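Please open the structure in your viewer and keep the selection panel at hand. The tour goes from one selection to the next and says what to look for at each stop.

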Amino acid sequence: MSGVILYILLVLLAVVVLAALAFIGLYFKRILTIGSIKQITDYKDGYNLYSMDIRYDYSLDDIIDYGITDDETMFDAILKESLPLIPVKLKAPYYGCTAFNLTDTDGNVHMGRNYDFSKDTSAMTVCCAPKDGYKSVAFAAIDNISANVPDESIAKKLATLTTPFICLDGINEKGVSIAVLILDSEPVRQNTGKPVISTTLAIRLVLDRAATTEEAVELLRSYDMFACSGRDYHFYINDASGDGRVVEYDIDSENRELIDTPAEAVTNFFIRYKEKVLPNQKNGIYGHGKERYDAVLEVLEAEKGNYTNDTVWKAMKAASQDPDPDDITSNTQWSVSYNNTDLTAEIAIRRNWEDVTRFGINN
């Protein structure tokens, strides 16, 4: 073998070794993250609750700076950050739901939340501790990444690395909780020259960086909102002081101005226009779900002055929904009671009310 050929082979070997080392370095903490996945429940239907600790360092700013213009670029940005060099597909999710808040007799602030969607899904508990943000516990519907059974294959395990950016509700170490709920209006697409953020990235932004509801609202004001998946949404945000607000992009405003409205509860209609919404029917652009809103308020009124964590669960049960193939926002997939004071989350999957799992941010 001539010296030239040997030199070329050595150079190629060095390139391969360096590339392998670089890949290992890039994925070491991601591998640790995948290794943290635990199955919490074991239901016969195969849709279960899982948990994982996000141990790799992600940059929310890099995702936003990618330049989100549509669902495809949003997914591309998420995949570039969470799964560099590996092709994975994401599906566009939808979000139904009910959310509300209360302060119990011990002074603990709670947010109750039902996530409703007609198609069954497993849930992933996503525990994040970003180096430049607040610790949080949040929940993702992992049917949206085709990973209902994450242990089934390495591809499904890898897909779960995207979960920090597809969570639908959560709470952070400052006692700020947030949930997203679907609307029936045209999707908001603001274009004022601010950086663009999408629906689930807004949830990650609030969990990572907001210490109060007011801070969360001001954070969201600093971005143009792109409502992903071809649907419109609003957010319910609560904090440790009990400051519960619905953040909406006003359907009757030409520029879809961000409006934050104090509210005790919310479902799938514009809380700003609740006088235009009737129960048990669609109400055009203003939304639906008034009957679930009324059911929550009825429970809260009946127990006023004697609120406990049981009140949260009674209200969630009252607003929960059985499957209805004709209603995309039916079929309660999970119910979670967030305690904004002691920084915990209690969750039940698909109306299994006697099987509650508790997570704490600090334990």
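How many of the six residues of strand β7 (residues 167–172) are buried? Select β7 in this predicted model: six of its six residues are buried, so the strand is largely enclosed by the rest of the structure.

Keep β7 displayed and add strand β6 (residues 136–141), which runs antiparallel to β7 and is joined to it by five bridges. To look at one of these pairings, pick Phe139, whose bridge partner in β7 is Asp169. Next add strand β8 (residues 177–183), which is also antiparallel to β7 and is joined to it by three bridges. Here Gly170 is the residue to pick, with Ile178 as its bridge partner in β8. Four residues lie between the strands in the hairpin of β7 and β8, where Gly175 takes a positive phi near 85 degrees.

From β8, turn to Val180, whose backbone oxygen is reached by the side chain of Arg113 at 3.1 Å. Select Arg113 itself, which is found in strand β4. With a relative accessible area of 0%, Arg113 falls under the 20% cut-off and therefore counts as buried.

Strand β4 leads on to a wider selection, an open sheet of six strands with antiparallel pairing, in the order β14-β3-β4-β17-β18-β19. At the edges stand β14 (265–266) and β19 (357–360), each of which has a single partner strand, so that one side of each is left without a neighbour in the sheet. Now bring in helix α7 (residues 290–302), which packs on the sheet and touches β3 (98–103), β4 (109–116) and β14, while its direction makes about 15 degrees with that of β3.

For a view of the β19 edge, select strand β18 (residues 344–349), which is joined to β19 by four bridges, the two running antiparallel. Within this pairing, Ile347 has Thr357 of β19 as its bridge partner.

The last stop concerns the cysteines. How many disulfides does the structure hold? The structure holds zero disulfides; at Cys127, for instance, the nearest cysteine sulfur belongs to Cys128 and is 7.7 Å away. Finally select Cys228, which counts as buried because its relative accessibility is 1%, against a cut-off of under 20%.

Key:
Residues numbered from 1 in each chain as written. Predicted model: local features only at pLDDT ≥ 70, side-chain atom pairs only at ≥ 80, totals over all residues. Heavy atoms only, no water. Disulfide = S-S within 2.5 Å. Buried < 20%, exposed > 50% of the residue type's maximum accessible area, 1.4 Å probe, protein only. Pairing = 2+ DSSP bridges. Contact = heavy atoms within 4.5 Å. Axes fitted to C-alpha atoms, helices over the stretch in contact; angles between N-to-C directions. Polar contact = N/O pair within 3.5 Å; in protein donor to acceptor, adjacent residues only side chain to side chain.
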